[in-house]
Amino acid sequence: MKTCISCGMPLREKKDYPLEDESKDYCVHCANADGTLQTYDERLDGMTSFIIKTQGLDHEVAQSVAKDMMSKLPAWKDVH
Ligand SMILES: [Zn+2]
């Protein structure tokens with residue numbers, strides 16, 4: 001089973017893939033409407049708001065947690 005290179009989510013079903021395209025290595029949440037992978041900054045924003053929402057952290061703290069998480073993922077490990 002593949003996991004998303006951008007967020008680490010397991011890609012179990014067709015609907016987990018952008019445009020249900022199973023040749024992709026990233027999930028529907030990390031893709032734009034046209035099926036391409038979002039940019040680092042878009043993902044960082046998305047992940048930061050997710051952490052604020054789920055863990056109630058301050059923006060600055062949430063962003064550093066998000067950066068740390070992203071630095072461990074294959075799509076972003078060489079970015080920044
Ligand atoms: Zn993803």
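Here are some worked exercises on the predicted model shown above.

Before you start, note that residues are numbered from 1 along each chain as its sequence is written. Local features need pLDDT of at least 70 and side-chain atom pairs count only at pLDDT 80 or more, while totals for chains, interfaces and linings use all residues, and side-chain values use heavy atoms, with hydrogens and water left out.

**Exercise 1. The annotated stretch**

Find what UniProt lists for residues 3-77, and describe the chain there.

Step 1: The unreviewed UniProt entry gives residues 3-77 as "domain: Putative zinc ribbon". UniProt positions are in the numbering used here, feature names are shortened, and annotations may be inferred rather than shown by experiment.

Step 2: Over that stretch the chain is 39% helix and 4% strand. Helices (H or I, at least four residues) and strands (E, at least two) are DSSP runs, numbered from the N terminus.

Step 3: The end C-alpha atoms of residues 3-77 sit 15 Å apart.

**Exercise 2. The zinc site**

Work out which atoms hold the zinc ion, and what geometry they give.

Step 1: Pick the donors, meaning N, O and S atoms within 2.8 Å of the metal (3.2 Å for Na, K and Ca); water is not among the atoms, so sites may look incomplete. That gives the SG atoms of Cys-4, Cys-7, Cys-27 and Cys-30, at 2.3 Å.

Step 2: Check the angles. Among the four donor atoms they run from 105 to 116°, and the site is tetrahedral. Four donors get that label if all angles lie between 85 and 135 degrees. For reference, the ideal angle for four tetrahedral donors is 109.5 degrees.

Step 3: Read the spacing along the sequence: C-x2-C-x19-C-x2-C. Cys-4 lies in the loop between β1 (2-3) and β2 (10-11) and Cys-30 in the loop between β2 and α1 (40-55), so this pair ties together parts that are 26 residues apart in sequence.

Step 4: Look at accessibility, where buried means under 20% relative accessible area, exposed over 50%, and partly exposed in between (1.4 Å probe, protein chains only). Cys-4 is buried at 1%, and Cys-30 is buried at 0%.

**Exercise 3. An arginine without a partner**

Which side chain of opposite charge is nearest to Arg-43, and how far away is it?

Step 1: Place the residue: Arg-43 is part of helix α1.

Step 2: Apply the charge rule, with Lys and Arg positive, Asp and Glu negative, and His and the chain ends not counted. The nearest candidate is Glu-42, 8.2 Å away.

Step 3: Compare with the salt bridge cut-off: a side-chain nitrogen of Lys or Arg within 4 Å of a carboxyl oxygen of Asp or Glu. Arg-43 has no salt bridge, even though it is buried.

Step 4: List what Arg-43 does touch, with contact meaning heavy atoms within 4.5 Å. Leaving out residues up to four places away in sequence, its contacts include the zinc donors Cys-7 and Cys-30, and also Ser-6, His-29, Gln-38, Met-70 and Trp-76.

**Exercise 4. Salt bridges**

How many salt bridges does the structure hold?

Step 1: The count is six. The general idea is that side chains of opposite charge can pair when their charged atoms come close.

Step 2: Take some examples. Lys-24 and Asp-21 pair with their closest N and O atoms 3.0 Å apart; Lys-24 is partly exposed at 22%, as is Asp-21 at 25%.

Step 3: Asp-16 and Lys-15 also pair, at 3.9 Å from N to O. Here Asp-16 is buried at 11%, whereas Lys-15 is exposed at 52%.

Step 4: Asp-78 bridges to Lys-77, again with N and O 3.9 Å apart, and Asp-78 is exposed at 69%.

**Exercise 5. Positive phi**

Where do Leu-19 and Glu-20 lie, and what is phi there?

Step 1: Leu-19 is in the loop between β2 and α1, and so is Glu-20.

Step 2: Phi is near 55° for Leu-19 and near 55° for Glu-20. Most residues other than glycine have a negative phi.

Step 3: Leu-19 is exposed at 61%, while Glu-20 is partly exposed at 46%.

**Exercise 6. A threonine in α1**

Is Thr-48 buried or exposed, and what does it touch?

Step 1: Thr-48 belongs to helix α1 and is buried, at 2% relative accessibility.

Step 2: Beyond four places in sequence, Thr-48 contacts His-59, Ala-62, Gln-63 and Ala-66.

How values were computed
Tetrahedral: all angles 85-135°; square planar, octahedral: opposite > 155°, others 65-115°. Contact = heavy atoms within 4.5 Å.
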